[in-house]
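Please open the structure in a viewer and keep the selection panel at hand. The tour proceeds from whole chains to single residues.

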There are 2 protein chains.
Amino acid sequence: MSFYAKHKERFELAQEACAKRHCWSPYPDMPDKYPDAATAKQTGKLAFDQHLTRGKFDIDQPGINQWIGEEVSPYTQQALGILYPQSHLDALFQAAEVAMTTWAQTPYEVRIGVLMEVIDTLYKDHLFEVLHAVMHTAGQSYNMAYAGSGVNALDRSIEALVYAEQAMKSVTPSALWSRRFGSSNIALQKTYRIVPKGVAVCFSCASFPTWNAWPSMMASLATGNPVIVKPHPATVLPMAITVKAFRQVLKAAGFDPNLVTMAIDSTTEPIGKLLIKHPKTAIVDFTGSVKFGQWVEQNSHPAVAFTETAGCNTVVLESTDDLDAALRNLATTMCLFSAQMCTSPQNIYIPQAGVQTPTGWVSFDEVAKRLADAVQALTSDPKKASMILATIQSHQTLALLKDMSEQASQRGHVLLSPTAYAHPDFPDARTSTPLMMQVTPHEHDMYSQERFGPISFVIRCKDAHDALTQATQDAKQHGGLTAFLYSTREDFIEQAENAYAKAGAQLTINLVGAMPLNFAAAYSDYHVTGLNPAGNATLTNLAFVTGRFGVVQSRRPVTTADTTLSANA
Amino acid sequence: MSFYAKHKERFELAQEACAKRHCWSPYPDMPDKYPDAATAKQTGKLAFDQHLTRGKFDIDQPGINQWIGEEVSPYTQQALGILYPQSHLDALFQAAEVAMTTWAQTPYEVRIGVLMEVIDTLYKDHLFEVLHAVMHTAGQSYNMAYAGSGVNALDRSIEALVYAEQAMKSVTPSALWSRRFGSSNIALQKTYRIVPKGVAVCFSCASFPTWNAWPSMMASLATGNPVIVKPHPATVLPMAITVKAFRQVLKAAGFDPNLVTMAIDSTTEPIGKLLIKHPKTAIVDFTGSVKFGQWVEQNSHPAVAFTETAGCNTVVLESTDDLDAALRNLATTMCLFSAQMCTSPQNIYIPQAGVQTPTGWVSFDEVAKRLADAVQALTSDPKKASMILATIQSHQTLALLKDMSEQASQRGHVLLSPTAYAHPDFPDARTSTPLMMQVTPHEHDMYSQERFGPISFVIRCKDAHDALTQATQDAKQHGGLTAFLYSTREDFIEQAENAYAKAGAQLTINLVGAMPLNFAAAYSDYHVTGLNPAGNATLTNLAFVTGRFGVVQSRRPVTTADTTLSANA
């Protein structure tokens, strides 16, 4: 049975989910629900430990020059001590182009079948191994590493295949065409071929490597392109496991494993610009900092670029039926993985008159204080804090927290000062409780950009209209992926929906309860809109795949008289 | 009846044609077959003459600053004497953004209905007016101005609407989503909105204004974006008629006519860069020179760019069943509109041993000579020449012909020297017969770029393999839209299909007979592939539309208990 046939049923369910956008996933949402969870967890941990013990992560890719690695676990603040092969870039590109020839000519259903098998392999053989790798590089909690970096990233990968298939199916493979020219008839046999753009370079980020990289890799590979993965030097292991798994499945399926290779660098000798400016680079997928992201967007031509950088995600708090519930949800979402997610809210815009509730107006100052209290309640108990805040991925984020705290004490009102908390399981973990400050639009320079990490701003606005205007302007101008609104007024909700649609941020309204506000459901929620500076990698739409291939046709006269052809005057 | 309902049947036939890629068009392919042709021709000519008489082309768009115009008819070499309104750019952008708000929120079926009505209006009320405008600016022949710049451009416009609809239909407008989180169920109502990217700037070119511009305008407008048309200063009238027709139909349909405006400039004070760098520009459609096109591609970010520049279209002549027929077709296609088409062949690669035919090998020199003879046969009779060569759009092309002729006489073997021919109807027409030269790969610098106009190179190659290698390398590296092959060897044809697929040029094989080799059939032939430097504006595929809009969602808890929602664990 072909891989396509093997995974057909699942693929069709995914297609249906993408079309209808209902809730669906083939995967259990919690680690404990994984089949034979105890064994899987143990095997995964063992595989991770063996990487540490071995100290060398072998990938049999071409052009290996030296072995490097500089990862430090945010949980132990100790070096992982794993070295990875660094290849000559030209060798990787050359091997990728060689590998592409056969892959490009393989029917896309076959490619998609093989890639569904890769997804299955990652799920069955590597999920918990990746989980520990993500924990000890990105610093995520156990549960988030399972859900966000594991099964949800696999779901988003299947989605990419669904859209790739949809885009490629729109191109008929052949046609008979006939027309009268003057007195004679011309009948042509036409064939249309999906031709990949060329070598794709996929940059994965430090804090959430798999979630963006896996779908990008799938989108490129499904449309026939080879992929060179460029992990952030702080977070290599999850992508090294990924690359190895892809290579094994591709090889077992009879394809050249050099369709997927890894290009690693170090913080002192970065290779990002070399990769983007390489003459063979045809596609760039980039997740990372705004600064480098902007360079990528401006310099990637002639390669096509799919980017997710960052922005200031906004909250407008106008009125609510249940202020405590709203603040609880906001606080939870602001704390989740110490706000090191591209979807974490950062700027909270509140009218200076306060927020209307069923029991009357609650003043601006009180709302700010109660929100800070809600955050504190979540973070003051180390055990609770460890589950929600997890760790701080980079020491640069700690430095930023320090710097912003100093600025805050001079320019704004500090609602919460950041401080390390003692992780119950990892006493040396790099941690911090959030910094929250109360500001006015005079401090716009402080909050009009992403401040990566647990940093948030409660912004005093003139009124509800002003709050909405400022929030949507900031999102439009400085980028923003997500937006959150609490309002009991239908007219204001409608205004907000229109304003955020123009600003290009995904809006969540009046959500309270067990779901984190920034939870993005695969097959249902779209990602970056491409309508503001936060990037254009929507992941789950046609635009994410159509630029990765071209259509080349070949036409020639029909040689045998084909009586089914009729002249068309 | 809505416009959508009115045009539904035609639209569905177009959808079917795009899917199956068979021959279809709602339009008669020749002027004489147009309904009540005599009257239509007369009315169209009269409308054109009135533009000349009036001397001022009125468009009631905002911010008009001055009236300018510098068009010269290639048929009379006299100034047309028509002035057009030049508006302040900021006024156009502002008006476009105002106009966009309602248009963006209009269901896309309604937008597509209105645009189908625009197409119908152009066909019914302006086709012959546009024809004369194209003749006396671009310099095309009567028949080409009807077919290529008229009905075929309308067909390509319908195609753009088909793909826009397909891309937007892939986004469901709403969904009910529910999932269990821990012990509670979260049910969300989600709405998904197609949000246009913003103001589109559409550059039309001097020699073929409508063919690229109409589909681009349709693609942008269908997906909700307003369009500012920037015509080449030499060829304004066809686009001015276009803009006015769009505005009239939009206004009559109850929409703001400022969805379509025109930004005109002069050769001495160009505004192209200002338009592309305008902060409100979100989409750029560009057809024009390689030089400016490369600047556009490199500088349009954050706008998305769809380009068609140029390249050296290649011919490989290896073997043939009927050399005379092949050379006749080649000659015709090389002469068509004096090779001022983006699809005109320029470089003819032939093995030095010659071409195999049923009667034996024909030497390289003889093939070159017979091809030159075939061209001469088509162009030595002024009446025949006028129908096929038409005129030379720009005096710069005459200058290039002169310069290349001088180089050719020094460096290569001149097969045909260019000379003006006397147009039977327009004695002052700017005309030239083709320049053909025979070269070796030593003259690669001469033919490794587009030499716009009736200039071609017969290139002596080592052998068939070398001819194919060189031809496909030149297309890949220097750009190429079309490619032509004559070979009786199936193995060589297969090699060529693979090589040209990689090079990204649309291949036509062994075509002889009444159809020009570079005839591109709407609904069937794809345009630029995006796989080489000739551009990425395929026109007739999903990639041409998906980048013109984003998807913004809004989600909120389902307020009334909806029993149809089932928890999904």
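The stops below treat the two chains, their contact, a strand pairing and the domains of one chain.

This is a predicted model, in which local features need pLDDT of at least 70, side-chain atom pairs count only at pLDDT 80 or more, and totals for chains, interfaces and linings use all residues. Residues are numbered from 1 along each chain as its sequence is written, and chains are lettered from A in the order in which they are written.

**Both chains.** Select chains A and B. A turn of 180 degrees with a shift of 0.0 Å along the axis lays chain B on chain A with an RMSD of 0.0 Å (least squares on the C-alpha atoms of residues with pLDDT of at least 70 in both). The two copies are therefore related as by a two-fold rotation axis.

**The contact.** Next, select the residues in contact (C-beta atoms, placed from the backbone, within 7 Å): 62 come from chain B and 61 from chain A. On chain B, strand S19 (residues 549–557) gives the most to the side that touches chain A, with eight residues; strands are DSSP runs (E, at least two residues), numbered from the N terminus. Because 98% of the interface residues of chain B are also interface residues in chain A, the copies meet through the same surface.

**The strand pairing.** Select S19 of chain A (residues 549–557) and S18 of chain B (residues 506–509), which pair in the parallel sense over two bridges; pairing requires at least two DSSP bridges. Here A:Arg555 stands opposite B:Thr508.

**Domains of chain A.** Finally, select domain 1 (53–169 + 196–309 + 535–548) and domain 2 (313–509), with bounds from an automatic or database domain assignment. Their centres, taken over C-alpha atoms, are separated by 32 Å. Each domain of chain A contributes 16 residues to the contact between them.

Terms used:
Contact = placed C-beta atoms within 7 Å. Helix = DSSP H or I, 4+ residues; strand = E, 2+ residues; numbered from the N terminus.
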